[in-house]
Amino acid sequence: MAVIADKCPEIEITLVDLNEERINAWNNNDLSKLPVYEPGLKDLIKKNRNKNLFFTTNIEKSIPDSDIIFISVNTPTKEKGLGAGYASDLKWVESSARTVAKYARGHTIIVEKSTVPVRTAELIKKILNSSHSSDLNKNFKTSFSVLSSPEFLAEGTAIKDLENPDRVLIGGEDNDAIKKLSLIYQRWIPINKIFITNVWSSELSKLTANAFLAQRISSINAISALCEPTGADIREVAKAIGADTRIGKKFLEAGPGFGGSCFQKDILNIIYLSRHYGLEEVANYWEQVILLNQWQKKRISNLIVETFFGTITSKKIAILGFSFKSNTNDIRESPAVYIAKELLENDANLFIHDPKVSERQISALLDESESNLKQNFINHNWNFSRNLEDVFTNADAVIILTEWEEYSNIDWKRFSALMKKPSWLFDTRGLVKDSDLNGTELNFWKIGKGFVFRN
Ligand code: UDX
């Protein structure tokens, strides 16, 4: 919305949320306190806030005033009930639709922006047209058009992706509504990049794009495991296959497994849908992408424990990077969460560093681990610091889990001298070059290559 506001100064955009704390944070004069860290976002907010971009909790007023409403709420995987563990929980989409139905006046275009399972637009339509909502609105003439326009931005490059998208999808039946939305995008996106489809193709395209991207990562990670015992190097393999234009060179970086709020959730959705339609083989095929991803995380935590002959009790282990990728402070489904929990289970003493993630965010995920709850005590065997010196001092091992740029510029000679001997470096992102370690005594393991030096 910040990008639309920037590109279309004559359009007034209001972001509404029930959560007052969040809205206050978006209105904060101190722009370093915005709820989301995303390169370039701060500048857009600074430039456009309170001009044509507003943040408010006043839903009752904002909905009737709007011509177009984007539903952009979260749709996490259901934790209980029918479809638990696979299907998306649509309770926020539903309640948004009900709220819109209650307060809308005149004709309103609803745009489904959240990633949703196929045929969700139909559910939204039903809610909007239900007798219940028209009862509430009986003194006003209301009508709705529902469009699907899924978002393909990636975190960390969101502004760039929005300003120059590969494509924009608009799914729908109402040509007037499609035209209105398309005209907004056409302000800065060439018309040949705006694809018009039916609603279900649009919804399914979003799930499929994420499934294909995740599948690529599981594929390269599977090969990374095969490289390690055979003496191949995954970066050389990735370069060789990526030069084939049919394969392409992007998204071929082996790592500790994909994280983030989308990939796993969207594949789980495809699995659920496939099973629903009796397509067991299709479901099993996609499920394997998730299983491989879980295995990759597990094999990394196992490898670390095994390197110390099965016991890392009280070993100081430094974790570099906690976000699921660089340039974001998002830790949802971050491989770091799983790997850190496994090491804590093995009684390691963790020292975590991340340039953007806060200690509070980490605590919310680590201190609520199941085994802590079961044992009724908090195994708070971890510390957090933004100072690399604290993190390295007396560490037995360092594990790079996120590809933050600053980790590729570490002075290894200086920092490894602070560590206990023998000291270990596990690079799960392939950031460190062998030559960076000249003059150190580090033992070095690298994803997709295995042990490079082992003293
Ligand atoms: C993804 C999609 O890219 C985006 O189009 C969609 O709208 C939302 O989901 P995002 O989750 O923000 O975006 O990040 P992405 O860059 O896709 O990375 C996802 C995960 O895959 C990260 O954990 C990342 O580290 C990992 N990854 C990515 C790799 O391990 N190797 C790669 O080569 C690329």
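Glutamate 155 meets the ligand through its backbone: one of its backbone N or O atoms lies 2.7 Å from a ligand oxygen atom. This is a predicted model. The protein covers 90% of the 660 Å² of accessible area that the ligand has on its own. Lysine 206 links two topics here, since this residue contacts the ligand and also touches aspartate 266.

**Polar contacts to the ligand**
- Phenylalanine 152 also uses its backbone, with an N or O atom 2.6 Å from an oxygen atom of the ligand.
- Lysine 206 uses its side chain instead, placing an N or O atom 2.8 Å from a ligand oxygen atom.

**The shell around the ligand**
- The ligand is surrounded by 19 residues.
- Phe152, Leu153, Glu155, Glu253 and Lys325 are the closest of them.
- By class, the shell holds 11 nonpolar, two polar and six charged residues.
- Which helix gives the most to this shell? Helix α10, spanning residues 199–230, does so with four residues.

**Aspartate 266**
- Aspartate 266 sits in helix α12, which covers residues 263–276.
- Is aspartate 266 buried or exposed? Its relative accessibility is 0%, so aspartate 266 counts as buried; the cut-off for buried is under 20%.
- Leaving out residues up to four places away in sequence, aspartate 266 touches Thr115, Lys206, Leu207 and Asn210.
- Threonine 77 is 189 residues away from aspartate 266 along the chain, yet their C-alpha atoms are separated by 8.7 Å.

Definitions and conventions: Residues numbered from 1 in each chain as written. Predicted model: local features only at pLDDT ≥ 70, side-chain atom pairs only at ≥ 80, totals over all residues. Heavy atoms only, no water. Helix = DSSP H or I, 4+ residues; strand = E, 2+ residues; numbered from the N terminus. Buried < 20%, exposed > 50% of the residue type's maximum accessible area, 1.4 Å probe, protein only. Contact = heavy atoms within 4.5 Å. Near = heavy atom within 4 Å. Polar contact = N/O pair within 3.5 Å; in protein donor to acceptor, adjacent residues only side chain to side chain. Areas by Shrake-Rupley, 256 points an atom, 1.4 Å probe, with all protein chains shown as cover. Nonpolar A, V, L, I, M, F, W, Y, C, P; charged D, E, K, R; others polar.
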